[in-house]
Amino acid sequence: MRQPFRAAVRHPMSPGMAQLPVPAPPSSAVAAFLRKAASVPALRTAPSPARLLFAVDATASRQPTWDRACHLQAGMFAAAGRLSVSLAYYRGHGEFRATAFLADSRALAAAMTGVACRGGHTQILRLLRHTESEAARERLHALVFVGDAVEEDPGPILAAAARLGARGVPGFIFQEGDDPGATPVLRGIARASGGAWAPFDHRSRDALAALLRGAAAFAAGGREALAKLPEAAALLAQLPAPGAGR
């Protein structure tokens, strides 16, 4: 009786088995190229731009300040480097609008051009709730608000500001003029959210420009970036100390 044919089985380490070639280590020239390629910024994943909500009161006689902010907003982009800004405003009777986030100062200026201020009541609570919604959708680095009046119940406004603070969204609140009824509430928004408040005179172009640059620098680079702007020292002094729970 013939025995069935059995193929010879060689163990992996048997002397008769062909060995797979071992890859040679990369040459020094290749290794140098790989190191250089890894250092090229274009080949790395760039961080997302800082997101900032830029809100302006567009009621009644606010047109001069609106026009000024339109021209000054480019300074925010220059101070922050990579920045994405959504413009929000309220005016008239219950009208509230917000643009998409824009990464170009020219696009933001185009969105602002042609907007006419209209009489109506403030809608700060609505603005803060919109800010909350944006922060819940994606990381929001700061809120900037430019206004001069408060015509709403302070309680819900301050509660909404505290919720923004809990989310790590500081409010930079810039008050035009010195309305004694508005000041405590606007300062309270800044304090509750972990941000900063500052007044400015509508006749001073440089004051508002410096405030906007400071807020944008903080949004993009935190306290370290803000500290590099000497004109923003008053804003920096109001921010909670590092590790203070924000």
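Here are legends for a handful of close-up views of this predicted model.

**View 1. The whole chain, before zooming in.** The chain runs to 246 residues, and 44% of them count as buried. Its secondary structure adds up to nine helices and six strands. Take the contacts with a separation of 6 or more: 73% of them come from residues 24 or more positions apart. On the outside, the chain exposes about 13,600 Å², with 59% of that supplied by carbon and sulfur atoms.

**View 2. Strand β2, covered on both faces.** Strand β2 spans residues 83-91, and nine of its nine residues are buried. One side carries L83, V85, L87, Y89 and R91, the other S84, S86, A88 and Y90, and every one of these is buried.

**View 3. The strands paired with β2.** Strand β1, made of residues 50-57, pairs with β2 in the parallel sense, over eight bridges. To find your place here, look for A50, which stands opposite L83 in β2. Strand β3, residues 95-98, also pairs with β2, but in the antiparallel sense and over four bridges. Here R91 has E95 in β3 as its bridge partner. β2 and β3 make a hairpin, with three residues between the two strands. In the turn sits G92, whose phi is positive at about 55°.

**View 4. W66 meets Y89.** The structure has three aromatic pairs. One of them joins W66 and Y89 edge-to-face, with 5.3 Å from centre to centre and 80° between the planes. This pair ties together distant parts of the chain: W66 belongs to helix α2 (residues 63-72) and Y89 to strand β2, 23 residues apart. Are these two residues buried or exposed? W66 counts as buried because its relative accessibility is 1%, and Y89 is buried too, with a relative accessible area of 8%.

**View 5. F172 meets F218.** Another aromatic pair, F172 with F218, is tilted: the centres are 5.4 Å apart and the planes make an angle of 55°. Again the pair links distant parts of the chain, with F172 in strand β5 (residues 171-176), F218 in helix α8 (residues 205-227), and 46 residues separating the two. Both F172 and F218 are buried.

**View 6. A charge over a ring.** In this last close-up, look for R51 and F101. The charged end of R51 sits over the ring of F101, at 3.9 Å from the ring's centre.

How values were computed:
Residues numbered from 1 in each chain as written. Predicted model: local features only at pLDDT ≥ 70, side-chain atom pairs only at ≥ 80, totals over all residues. Heavy atoms only, no water. Buried < 20%, exposed > 50% of the residue type's maximum accessible area, 1.4 Å probe, protein only. Pairing = 2+ DSSP bridges. Contact = heavy atoms within 4.5 Å. Areas by Shrake-Rupley, 256 points an atom, 1.4 Å probe, with all protein chains shown as cover. Phe/Tyr/Trp six-rings, centres within 6.5 Å; stacked < 30°, edge-to-face > 60°. Lys NZ or Arg CZ within 6 Å of the ring centre and 35° of its normal.
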